[in-house]
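Got the viewer open? Here's a short tour, one selection at a time.

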Amino acid sequence: MPFARLASATTPTAHIGLGLAAVGRPAYINLHRDRDLPGSRSVEALREHTHELLDAAFAQGVRYFDVARSYGRAEEFLGDWLTTRPDVRDVVIGSKWGYTYTADWSVDAEAHEVKDHGLATFERQRAETEALLGDRLDLYQIHSVTADSPALTDKELHERLAALAADGVTVGLSTSGPGQADAIRAALAVTVDGEPLFRTVQATYNALETSAGQALAEAHDAGLTVIVKEAMANGRLAGTDAPAVVQEIAAEAGLGSDAVALALILHQPWAGVVLSGAATVTQLVSNLHAPVLDLDEQRRNRLDALVEEPEAYWRHRAGLPWS
């Protein structure tokens, strides 16, 4: 498991990863992207912006980087960065397949990505990822699995994923939607030749959406590495957009609301890596203060009141505009 490299790390920031969903393409659903990205949002402008972010993250001890085939050119940007920094060897690189980017670098596209968990998509996207990341890929995840996904029952796909694992690439999945817990538990039951197929699970968990918590604890107990995404709920828990109680705790600690949101996840005993989705170096630096925040029981109890019903949370997320 490549994540053993992080388990032996001594710096707390090694357990905060950087996801490139917000910077690998011109449009995404995070709040306030208009003030976070370069004005032109050209390919070269975002490439340079992403490399600056990666440099800052690595310098601050971040050692897990997360991309996907559907994140525009995120794999390409990350692959370029790794090529120009051959001394960077102690990082863990994860990508995902199962969505195809369809926006053609447009902010106003009718559809930005199309989901398909079929074997043919895996074969095509695996070749595309290999061309961009080569042997630097440590983890390949099925993107946004739900309980009804054919990826959980396709035996031929499972065999191909097991072959990939035998070649040294860890196989995992990410989940999405109000039924994340069901998808996680179904994934835990998937085996090939009597051995569990999935070794990591990446799920949404934050102060507003906690429904997957028990299933993630079960995954951790089963030996999977848990990666948490969307810890700031696509910006709803950051800055002045954060609920009052988050801002109050942040003010008490002299930190940002984003650090409070991340600290809550870091407190979970099952959380192996918590992703920052920072779009700027300033946001990243603020995120990386999370490990020093004393989020005691009293503060955690205050945050408990923020939890939304899963269906309401995901309905709100689905309504966020691409910008």
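Before you select anything, a word on pairing: two strands pair if DSSP finds at least two bridges between them. Strands (E, at least two residues) and helices (H or I, at least four) are DSSP runs, numbered from the N terminus. What you're looking at is a predicted model, where local features need pLDDT of at least 70, side-chain atom pairs count only at pLDDT 80 or more, and totals for chains, interfaces and linings use all residues. Residues are numbered from 1 along each chain as its sequence is written, and side-chain values use heavy atoms, leaving out hydrogens and water.

**Stop one: the barrel**

Select E1 (residues 16-19) together with E12: these two pair in the parallel sense over three bridges. Zoom in on Ile16 and you'll find its bridge partner in E12, Val274. Now add the other strands: eight of them close into a barrel, in the order E1-E2-E3-E6-E7-E10-E11-E12, with parallel pairing.

**Stop two: the pocket**

Next, show Tyr28, Asn30, Glu230, Asn234 and Gly235, which lie nearest the centre of the largest pocket, out of 50 lining residues. (A pocket is an open set of points on a 1 Å grid over the protein atoms alone, where a 1.4 Å probe fits, with protein on both sides within 12 Å along at least five of seven lines; lining residues have an atom within 4 Å of a point.) Strand E6 (139-145), strand E12 (273-276), helix H10 (281-287) and helix H12 (310-318) each give two or more residues to this lining. Which element gives the most? That's H10, with four residues.

**Stop three: the rings**

There are eight aromatic pairs to hunt for (rings of Phe, Tyr and Trp, using the six-membered ring of Trp, with centres within 6.5 Å; planes under 30 degrees apart are stacked, over 60 edge-to-face, the rest tilted). Pick Phe3 and Tyr64, a tilted pair at 5.4 Å centre to centre and 45° between the planes. Phe3 sits in the segment before helix H1 (4-7) and Tyr64 in strand E2 (residues 64-66), so the pair ties together parts 61 residues apart in sequence. Tyr64 counts as buried at 0% relative accessibility (buried means under 20% relative accessible area, exposed over 50%, partly exposed in between, with a 1.4 Å probe and protein chains only). Phe3, at 6%, counts as buried too.

Then move to Phe58 and Trp81, an edge-to-face pair at 6.3 Å centre to centre, with 70° between the planes. Phe58 is in helix H2 (residues 43-59) and Trp81 in helix H3 (residues 74-84), 23 residues apart. Finally, add Phe65: ring pairs link Phe58, Phe65 and Trp81 into a cluster.
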